[in-house]
Amino acid sequence: MEVSTDLSILMTEKEWNDILTRMPQQLAEGGYEPANISADILVNEYMSKHGSAPVGESVWRVIVNGSSDLPLHKVTAAVVDCLPPHTLWYGTSEIGHTEFGLGTACAWQP
């Protein structure tokens with residue numbers, strides 16, 4: 001079935017780039033076949049809350065669209081398993097496709 005995962009993740013840009021290089025294969029091995037992955041740093045939200053641009057870690061919005069026969073909580077777990085163990089995140093998976101927001105870049109597509 002078509003599913004999507006929409007997470008907010010606290011991490012550095014280097015961590016994201018490292019994760020992205022292995023994420024598609026790791027997801028496929030875990031039963032979640034990705035169709036595309038998008039990511040965007042939530043700078044505006046950070047700046048409105050803290051009054052300055054983020055330094056070091058940033059909150060990223062990561063959307064994975066794909067297909068899986070896993071229960072939705074295991075679809076979310078498959079994405080979270082791609083993250084380093086110390087990573088803070090929140091979000092969920094749902095049936096269907098999640099549109100990228102305006103300005104959100106596609107980070108990976110086969």
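The protein chain contains 3 helices and 5 strands, where helices (H or I, at least four residues) and strands (E, at least two) are DSSP runs numbered from the N terminus. The model is predicted: local features need pLDDT of at least 70, side-chain atom pairs count only at pLDDT 80 or more, and totals for chains, interfaces and linings use all residues. Residues are numbered from 1 along each chain as its sequence is written, and side-chain values use heavy atoms, with hydrogens and water left out.

**Exercise 1. State the order of the elements and assess the overall dimensions of the protein chain.**

Step 1. From the N terminus on, the order is β-α-β-α-β-α-β-β.

Step 2. The C-alpha trace spans about 45 × 25 × 25 Å along its principal axes.

Step 3. The radius of gyration, taken over C-alpha atoms, is compared with a globule rule of 2.2 Å times the number of residues to the power 0.38. For 110 residues, a compact globule would have a value near 13 Å; the protein chain has 14 Å, which agrees.

Step 4. Contact means heavy atoms within 4.5 Å. Among contacts between residues at least 6 apart in sequence, 80% join residues at least 24 apart.

**Exercise 2. Identify the residues of the largest nonpolar core that touch the most other members, and the element that gives the most to this core.**

Step 1. A nonpolar core is a set of buried Ala, Val, Leu, Ile, Met, Phe, Trp, Tyr and Cys residues joined through side-chain atoms within 4.5 Å. Buried means under 20% relative accessible area, exposed over 50%, and partly exposed in between (1.4 Å probe, protein chains only).

Step 2. The largest core has 21 residues, of which Trp16, Met23, Leu27, Tyr32, Ile37, Val62 and Val64 touch the most other members.

Step 3. At least two residues each come from β1, α1, β2, β3 and α3, and α1 gives the most, with 5 residues.

Step 4. Beyond four places in sequence, the residues touched by Ile37 include Trp16, Leu20, Met23, Val62 and Trp108.

Step 5. In helix α3 (residues 72–80), Val75, Thr76, Ala78, Val79 and Val80 are buried. Their cover includes β1 (2–11), α1 (13–29), β2 (32–41), β3 (58–68) and β4 (88–95).

**Exercise 3. Locate and classify the aromatic pair.**

Step 1. Rings of Phe, Tyr and Trp (its six-membered ring) pair if their centres lie within 6.5 Å; planes under 30 degrees apart count as stacked, over 60 as edge-to-face and the rest as tilted.

Step 2. The whole structure yields 1 aromatic pair. Trp16 and Trp60 form this pair, at 5.9 Å centre to centre with 35 degrees between the planes, and the pair is therefore tilted.

Step 3. Trp16 lies in helix α1 and Trp60 in strand β3, 44 residues apart, and the pair thus links distant parts of the chain.

Step 4. Trp16 is buried at 3% relative accessible area, and Trp60 is buried at 6%.

**Exercise 4. Explain why Cys106 forms no disulfide, and classify the exposure of Cys82 and Cys106.**

Step 1. A disulfide is a pair of cysteine sulfur atoms within 2.5 Å. The structure holds 0 disulfides.

Step 2. The closest cysteine sulfur to that of Cys106 belongs to Cys82 and is 16 Å away, too far for a bond.

Step 3. Cys82 is buried, at 1% relative accessibility, whereas Cys106 is partly exposed, at 37%.
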